[in-house]
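Me: Could you take a close look at one part of this structure with me? I am in my first year, so please go step by step and show me how the part fits into what surrounds it.

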Amino acid sequence: MAIGVSKVDVWMAEIPDQAGALDRILDAIAQAGGNLECIIARRKSNKPGFGHVFLSPIKGKKVQDAAKSVGLVPADMATLRVETANKPGTGHAVMRAIAD
(Lines give C-alpha, C1' and ligand atoms only; values in the text may rest on other atoms or scores of the structure.)
Protein backbone atom coordinates (compact mmCIF):
# COMPACT_ATOMS: atom_id res chain seq x y z
CA MET A 1 0.00 0.00 0.00
CA ALA A 2 1.65 3.25 -1.15
CA ILE A 3 1.25 6.10 1.31
CA GLY A 4 2.04 9.76 0.65
CA VAL A 5 2.57 12.09 3.58
CA SER A 6 3.03 15.86 3.25
CA LYS A 7 2.88 18.87 5.55
CA VAL A 8 -0.16 21.09 5.12
CA ASP A 9 -0.32 24.73 6.15
CA VAL A 10 -3.72 25.54 7.63
CA TRP A 11 -5.05 29.10 7.98
CA MET A 12 -7.84 30.12 10.32
CA ALA A 13 -10.10 32.97 11.35
CA GLU A 14 -12.78 33.69 13.89
CA ILE A 15 -16.02 34.49 12.08
CA PRO A 16 -19.47 35.61 13.16
CA ASP A 17 -22.01 32.78 13.21
CA GLN A 18 -24.12 34.46 10.52
CA ALA A 19 -25.28 33.59 7.04
CA GLY A 20 -22.72 34.76 4.48
CA ALA A 21 -19.75 35.12 6.85
CA LEU A 22 -17.89 32.13 5.41
CA ASP A 23 -18.91 33.02 1.85
CA ARG A 24 -17.17 36.40 2.18
CA ILE A 25 -13.90 34.63 3.01
CA LEU A 26 -14.28 31.99 0.31
CA ASP A 27 -15.06 34.65 -2.30
CA ALA A 28 -11.84 36.52 -1.49
CA ILE A 29 -9.81 33.32 -1.80
CA ALA A 30 -11.52 32.38 -5.07
CA GLN A 31 -11.03 35.85 -6.55
CA ALA A 32 -7.30 35.55 -5.79
CA GLY A 33 -7.13 32.19 -7.58
CA GLY A 34 -7.00 29.99 -4.48
CA ASN A 35 -7.78 26.29 -4.83
CA LEU A 36 -8.92 25.02 -1.44
CA GLU A 37 -8.85 21.32 -0.63
CA CYS A 38 -10.20 21.46 2.91
CA ILE A 39 -12.70 23.74 4.65
CA ILE A 40 -13.76 23.19 8.24
CA ALA A 41 -16.10 25.61 9.99
CA ARG A 42 -17.49 25.18 13.48
CA ARG A 43 -19.23 27.17 16.17
CA LYS A 44 -17.31 28.24 19.26
CA SER A 45 -18.97 26.66 22.28
CA ASN A 46 -17.35 29.15 24.64
CA LYS A 47 -18.30 32.23 22.58
CA PRO A 48 -21.92 32.19 21.34
CA GLY A 49 -22.44 33.97 18.04
CA PHE A 50 -18.96 33.17 16.72
CA GLY A 51 -17.15 30.32 15.04
CA HIS A 52 -13.83 29.32 13.58
CA VAL A 53 -13.00 28.46 10.00
CA PHE A 54 -9.93 26.44 8.99
CA LEU A 55 -8.79 26.43 5.34
CA SER A 56 -6.02 24.74 3.39
CA PRO A 57 -4.01 25.19 1.36
CA ILE A 58 -3.40 28.92 1.18
CA LYS A 59 -0.60 29.00 -1.38
CA GLY A 60 1.06 31.89 -3.17
CA LYS A 61 1.48 35.55 -2.30
CA LYS A 62 -1.73 36.72 -4.01
CA VAL A 63 -3.86 34.12 -2.18
CA GLN A 64 -2.08 34.75 1.14
CA ASP A 65 -2.63 38.49 0.77
CA ALA A 66 -6.34 37.88 0.08
CA ALA A 67 -6.52 35.57 3.09
CA LYS A 68 -4.97 38.22 5.34
CA SER A 69 -7.36 40.86 3.97
CA VAL A 70 -10.36 38.88 5.30
CA GLY A 71 -8.82 38.12 8.68
CA LEU A 72 -7.22 34.72 8.09
CA VAL A 73 -3.91 33.93 9.79
CA PRO A 74 -1.71 30.83 9.77
CA ALA A 75 -3.11 28.39 12.35
CA ASP A 76 -0.82 27.25 15.12
CA MET A 77 -1.22 23.53 14.48
CA ALA A 78 0.80 20.73 12.94
CA THR A 79 -1.13 19.16 10.09
CA LEU A 80 -0.27 16.30 7.76
CA ARG A 81 -2.02 15.11 4.64
CA VAL A 82 -1.98 11.34 4.31
CA GLU A 83 -2.87 10.02 0.85
CA THR A 84 -3.36 6.34 0.16
CA ALA A 85 -5.73 3.83 -1.39
CA ASN A 86 -9.37 4.01 -0.30
CA LYS A 87 -10.31 0.60 1.01
CA PRO A 88 -11.65 -0.78 4.31
CA GLY A 89 -9.05 -0.76 7.08
CA THR A 90 -6.66 1.67 5.43
CA GLY A 91 -7.11 4.36 8.09
CA HIS A 92 -6.41 1.80 10.80
CA ALA A 93 -3.27 0.55 9.02
CA VAL A 94 -1.94 4.08 8.59
CA MET A 95 -2.57 5.02 12.23
CA ARG A 96 -1.05 1.73 13.44
CA ALA A 97 2.11 2.44 11.39
CA ILE A 98 2.34 5.95 12.88
CA ALA A 99 1.78 4.62 16.40
CA ASP A 100 4.41 1.91 15.95
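**A lysine and the sheet beside it**

Reply: Let's start with one pair of side chains: those of Lys44 and Glu14 make a polar contact, at 2.8 Å. Please keep in mind that this is a predicted model.

Where does Lys44 sit? Look in the loop between strand E3 (38-43) and E4. Is Lys44 buried or exposed? Its relative accessibility is 18%, and buried means under 20%, so Lys44 counts as buried. Leaving aside residues up to four places away in sequence, the residues that Lys44 touches are Glu14, Phe50, Gly51 and His52.

Now follow Glu14 into the sheet. The bridge partner of Glu14 in E4 is His52, and His52 is also among the residues that Lys44 touches. Strand E2 covers residues 11-16 and strand E4 covers residues 50-56; the two pair in the antiparallel sense over 6 bridges. A little background may help here: strands of a sheet pair through backbone hydrogen bonds, either parallel or antiparallel.

Met12 is a handy residue for seeing both neighbours of E2. In E4, Met12 has Phe54 as its bridge partner, while in E5 the bridge partner of Met12 is Val73. Strand E5 (residues 73-74) pairs with E2 over 2 bridges, again in the antiparallel sense.

Put the strands together and you get an open sheet of 4 strands, with antiparallel pairing and the order E3-E4-E2-E5. E3 and E5 are the edge strands, each pairing on one side only.

Phe54 gives us a path from the sheet to the largest pocket, since Phe54 is one of the residues lining that pocket. How much space lies in the largest pocket? The answer is about 170 Å³. Rolling a probe the size of a water molecule over the atoms shows where empty space is left.

Which strands help to line this pocket? At least two residues of the lining come from each of E3, E4 and strand E6 (80-83). E4 gives the largest share, 3 residues. Along with Phe54, the lining includes Leu55, Ser56, Cys38, Ile40, Leu80 and Arg81. By type, the lining residues divide into 8 nonpolar, 2 polar and 2 charged.

So, to retrace the route on your screen, begin at Lys44, which counts as buried, and step across its polar contact to Glu14. From there, go to His52, the bridge partner of Glu14 in E4, and finish at Phe54 in the lining of the largest pocket.

Terms used:
Residues are numbered from 1 along each chain as its sequence is written. This is a predicted model: local features need pLDDT of at least 70, side-chain atom pairs count only at pLDDT 80 or more; totals for chains, interfaces and linings use all residues. Side-chain values use heavy atoms; hydrogens and water are left out. Two strands pair if DSSP finds at least two bridges between them. Buried means under 20% relative accessible area, exposed over 50%, partly exposed in between (1.4 Å probe, protein chains only). A polar contact is a pair of N or O atoms within 3.5 Å; within protein, one must be able to donate a hydrogen and the other to accept it, and residues adjacent in sequence count only if both atoms are side-chain atoms. Contact means heavy atoms within 4.5 Å. On a 1 Å grid over the protein atoms alone, a cavity is a set of points where a 1.4 Å probe fits but cannot get out, and a pocket is an open set with protein on both sides within 12 Å along at least five of seven lines; lining residues have an atom within 4 Å of a point. Grid points are joined across faces, edges and corners, and a volume is the space filled by probe spheres set on the points. Ala, Val, Leu, Ile, Met, Phe, Trp, Tyr, Cys and Pro count as nonpolar, Asp, Glu, Lys and Arg as charged, and the others, Gly among them, as polar.
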